[in-house]
Amino acid sequence: PSVPRHANRLINEKSPYLLQHAHNPVDWYPWGQEAFDKAKTENKLIFLSVGYSTCHWCHVMEEESFKSKEIGEIMNEHFVCIKVDREERPDVDKVYMTFVQATSGGGGWPMSVWLTPDLKPFAGGTYFPPEDGVNRVGFRTVLLRIAEQWKDNKDALLDSSQRILEALRHTSEIRVQGQESPPPAKEVMDNCFQQLSRSYDEDYGGFSKSPKFPTPVNLNFLFTYWALHRTTPEGARALQMALHTLKMMAHGGIHDHIGQGFHRYSTDQHWHVPHFEKMLYDQGQLAAVYSRAFQISGDEFFADVVRDILLYVSRDLSDQAGGFYSAEDADSYPTTTSGEKQEGAFCVWAAEELRALLPDPVKGATEGTTLGDVFMHHYGVEEAGNVDPMKDPHQELKGKNILIARCSPELTAARFGLEPVCLSALLQECRQRLSSARAQRPRPHLDTKMLAAWNGLMISGFAQAGAALAEQGYVSRAAQAAAFLRTHLFDPHSGRLLRSCYRGKDNSVEQSAMPIQGFLEDYVFVIQALFDLYEASLEESWLEWALHLQHMQDKLFWDPKGFAYFSTEAGDSSLLLRLKDDQDGAEPTPNSVSVTNLLRAACYSGHMDWVEKAGKILAAFSERLQKIPITLPEMVRATAVFHHTLKQVVVCGDPQGGDTKEMLHCVRSVFSPNKVLMVADGDSTGFLYRQLPFLASLERKDGKATAYICSNFTCSLPVTSVQELHEMLSP
């Protein structure tokens, strides 16, 4: 168009979410001093809107309200309007979400909050429709009412906002009480198991009726519970709950059977109708948890799911420089000529479309059977669509099918008189055809922001999969991503991590003018990734960097009075609260993972004060762990690791030697939640030998690769038999 589009200040930002709003008639500001100064100078309230680029309801509110010239004029006249990408600034999001949840009993995105000029919240909610409805007040009305209140009752509003802030400070504090010590592992583990067991869905797996979330933190806890209770009925049930959930998820519509990877969550009990966005943090954690399922069960089904996830990430979420993108949107245009995006349009199918793509007769099957017949039967396709209208409030999926594996391969094969091996090849051929057809559709929006924390989770996924499946290519991909972090999201001068970088023009990697410093979660997930990468690659430079980052995390975030780590560092006057997350959700809370990181760091460095710090985190969360452990399953898992003491599994030998490789393969193939792996290669100048003098006393026996299992640097007798080592690792 010849007339340039109107643009607000967000046009100068790097975040894909902020750029989505750069052409709104709203005079948006990014979070920062310019907006704060304007609010104070003009004595205006602030309207803060927080969301992310793949958020369905964020798109809806933008279409209805933020693109409206009339509503934009009301916003610009009465408020200083600030837009925040919650993935860039989880610190800002958390402070105001704490307020919204405390005052409304719920939360979510888009988050809409009204603040005084000194940033104190006094009113808030999530999505607002533009106009008043039967049961809901509209956004226009809320804006005008709040503007009027500020004009008529300013002092009352300021007073109320101060009281709210004091109450939030008091209720959100997590600190050690008196002389508390870490809670007892057995009691906390058993309570958490019982609470999960009660909420477990016996039929479809998962831990609620609907909606259903993948929650890798629950599954990791159950695997650890099983490992410590293998011979008991409770241990057997824990394993069954985890494996059944993982199988049902992989069969379900939450799993993209054509394009690979997992969608965010399922809206129904059966894992069938998902919210279609795909998040990097889900792929990373699920790759790791399916790898553990394979280690424990030996079932290739789980290994195939791991390969499926990592194929998706390698193909669709990978930057050519080595980093990983954040997410893919749920909404897209159904066709190249559509004017309006719809949720799931990229992923769903009409029955006639499938028949047209799969018309071939199937050799050896019942007379008249086509590829379409077999595929549609196996994946639950119905002529009128297979989506329950109750799960499709906007009628976007009417007449469409979301693929869900309804039958076992054996049953489908029997139904059409086929051999199971033949069926597998047929279904693969069908999926490839559908993949080619889908590639012609307009793709959903890709959020090409790269976050240190989420890249850390994905590096762990690749590294753990590489170790468990003995796939060197995955370990190399993890190392490539770690090198990307060191180049683009680490400042070697200050020794600190940065939060985010962005895909720029010509596929370059860009940084914003004022880079965002790393938060606690960035340090925690990157440190965990580097430990995982060392165990998979035995490259000591990753270990060295992990220990450096752990020291930096302690310096920036540790609370010396109340114990545990704050989510943000001190000194940012625009943040009203320094919080500690207290719930393992879609991602584990950083303090939960820090416990295990600190124990691993102590094993690799000999710094025993890190073990003490791990105990202090557990002490700070002791009350919550004892009362409602189900809210912190990852920290409960870490409590068990803390009390059982990590085993240092040291393999002495040449890392390239066949006998050493065999021992390493054995260690990596066994699921043992409380082990760390290291190799003593005889090079006394190496990093590990300098950290751990006791390694110099360990020798190869009879010239063969030899393993030692050590606890607190005291070692077992040498082991040269792989079978014996296997038995010692899995009691």
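Here are a few notes on the cavities and on one of the sheets in this predicted model.

1. Let's start with the empty space inside. Searching the whole structure turns up two cavities of 30 Å³ or more. The largest holds about 730 Å³ of space, and the second largest holds about 80 Å³.

2. The largest cavity has 36 residues in its lining, and R292, Q464, D532, R600 and R637 are the ones nearest its centre. If you want to find its walls, look for the elements that give two or more residues to the lining: α9 (216-228), α11 (280-297), α17 (452-468), α19 (520-537), α21 (590-605), α24 (633-644) and β19 (675-680). Sorted by class, this lining has 16 nonpolar, 12 polar and eight charged residues.

3. Now the second largest cavity. Its lining includes G253, H255, D256, H257 and I258, along with C347, W349 and R438. By class, that lining comes to six nonpolar, four polar and two charged residues.

4. On to the sheet, which shares β19 with point 2. It is an open sheet of four strands in the order β19-β18-β20-β21, and the pairing is mixed. β19 and β21 (714-715) sit at the edges, each pairing on one side only. β18 (residues 647-652) runs parallel to β19, with six bridges between them; along this pair, V651 is opposite V679 of β19.

5. Two helices are worth a look here. α21 packs on the sheet, where it touches β18 and β19, and its direction is about 25 degrees from that of β19. α27 (residues 722-729) lies across β18, β19 and β20 (706-711), at about 20 degrees to β20.

Note on methods:
Residues numbered from 1 in each chain as written. Predicted model: local features only at pLDDT ≥ 70, side-chain atom pairs only at ≥ 80, totals over all residues. Heavy atoms only, no water. 1 Å grid on protein atoms, 1.4 Å probe; cavity = no way out; pocket = protein on both sides within 12 Å on 5 of 7 lines; lining within 4 Å. Points joined across faces, edges and corners; volume = space filled by probe spheres on them. Nonpolar A, V, L, I, M, F, W, Y, C, P; charged D, E, K, R; others polar. Pairing = 2+ DSSP bridges. Contact = heavy atoms within 4.5 Å. Axes fitted to C-alpha atoms, helices over the stretch in contact; angles between N-to-C directions.
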